[in-house]
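Biologist: I should be grateful for a close look at one part of this protein, namely a place where two helices pack together. Please then set that part beside the other buried regions of the chain.

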Amino acid sequence: MTIKERYEGIISAFQENMPSPHTELSYDTPFHLLVAVILSAQCTDKRVNMVTPALFSAYPDASDLALAQPEDLIPYIGSVTFPNAKSRHIVKAARMIVDDFGGEVPSEIDSLMKLPGVGRKTANVMLAVVWNKAAMAVDTHVFRVSNRLGLTRDSKTPLATEKTLCKYIPEELISTAHHWLILHGRYVCKARKPDCLNCYLTPWCLHFRKAPK
């Protein structure tokens with residue numbers, strides 16, 4: 001099987017079985033999604049969705065959060081991982097958005113990555129989800145699933161994975177593929193034990209072909 005055939009088969013299977021994937025983070029504005037993605041680092045989307053309604057009710061937009069102190073956020077986000085660091089990042093990001101970007105979340109990767117707490121993965125999530133740009137956010141799920149399936153081969157870094165995926169996935173499907181790979185890793189191709197018996201990608205999966213039967 002060629003790499004092109006593997007990509008074509010996997011993309012076709014995803015299109016058939018997961019035609020309309022989307023982020024599981026709840027949000028209603030680009031700024032709310034940015035905050036939610038910052039909070040989601042090493043934390044579940046379910047937990048983040050539990051804390052953001054009260055947070056966004058108290059601080060509806062960047063201008064409100066820009067006036068807060070990091071410690072003001074702890075009562076709202078104390079149950080997520082690393083709340084102290086995340087509260088500092090969120091407040092600093094809100095202030096930069098107000099001061100440098102006119103209160104609007106920027107839509108270019110270089111500008112996004114200037115915001116505190118925003119790395120390449122978070123920036124790509126914003127580009128893919130909010131603006132439907134051809135951006136591939138590589139988290140632990142995407143990194144793991146891509147290697148297992150054989151979409152990447154012994155990729156050592158998230159950036160290497162991102163470049164390979166963007167090379168072979170059609171540009172108009174890259175933002176969708178971001179969701180396919182995350183959700184597949186979250187519910188089927190899990191870290192500890194992939195659920196190969198209930199996976200529709202086994203005909204093209206390198207891990208499955210190599211695994212002892």
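Modeller: In this predicted model, helix 8 (residues 120-130) packs against helix 11 (residues 174-187) at an angle of about 115°, and their axes lie 9 Å apart. The two helices are therefore roughly perpendicular to each other, and their crossing is left-handed. Helix 8 brings Val125, Ala128 and Val129 to the contact, where they meet Ser175, His178 and His179 of helix 11. By class, this contact comprises 3 nonpolar residues, 3 polar residues and no charged ones.

Helix 8 also takes part in the largest nonpolar core, which has 39 residues; Phe31, Leu34, Leu39 and Leu73 touch the most other members. Each of helix 2 (30-40), helix 3 (45-58), helix 4 (62-66), helix 5 (70-77), helix 6 (83-100) and helix 8 supplies at least two residues of this core. Helix 2 gives the largest share, 8 residues. A second core, separate from this one, contains 26 residues, including Ile169, Ile174, Cys199 and Cys205.

Within the largest core, Leu73 may serve as an example. Apart from its neighbours within four places in sequence, Leu73 is in contact with Leu55, Tyr59, Leu65, Ala68, Ser87, Ile90 and Val91.

A further buried position is found in a loop. Gly150 lies between helix 9 (140-149) and helix 10 (158-168); its relative accessible area is 0%, so Gly150 is buried. Beyond its neighbours within four places in sequence, Gly150 is in contact with Ile3, Arg6 and Leu206. Gly150 and Leu206 are 56 residues apart in sequence, yet their C-alpha atoms are 5.1 Å apart in space.

Terms used
Residues numbered from 1 in each chain as written. Predicted model: local features only at pLDDT ≥ 70, side-chain atom pairs only at ≥ 80, totals over all residues. Heavy atoms only, no water. Axes fitted to C-alpha atoms, helices over the stretch in contact; angles between N-to-C directions. Helix = DSSP H or I, 4+ residues; strand = E, 2+ residues; numbered from the N terminus. Parallel < 35°, antiparallel > 145°, perpendicular 65-115°, else oblique. Left-handed = near helix turned anticlockwise from the far one by under 90°. Contact = heavy atoms within 4.5 Å. Nonpolar A, V, L, I, M, F, W, Y, C, P; charged D, E, K, R; others polar. Buried < 20%, exposed > 50% of the residue type's maximum accessible area, 1.4 Å probe, protein only. Core = buried A, V, L, I, M, F, W, Y, C linked by side-chain atoms within 4.5 Å.
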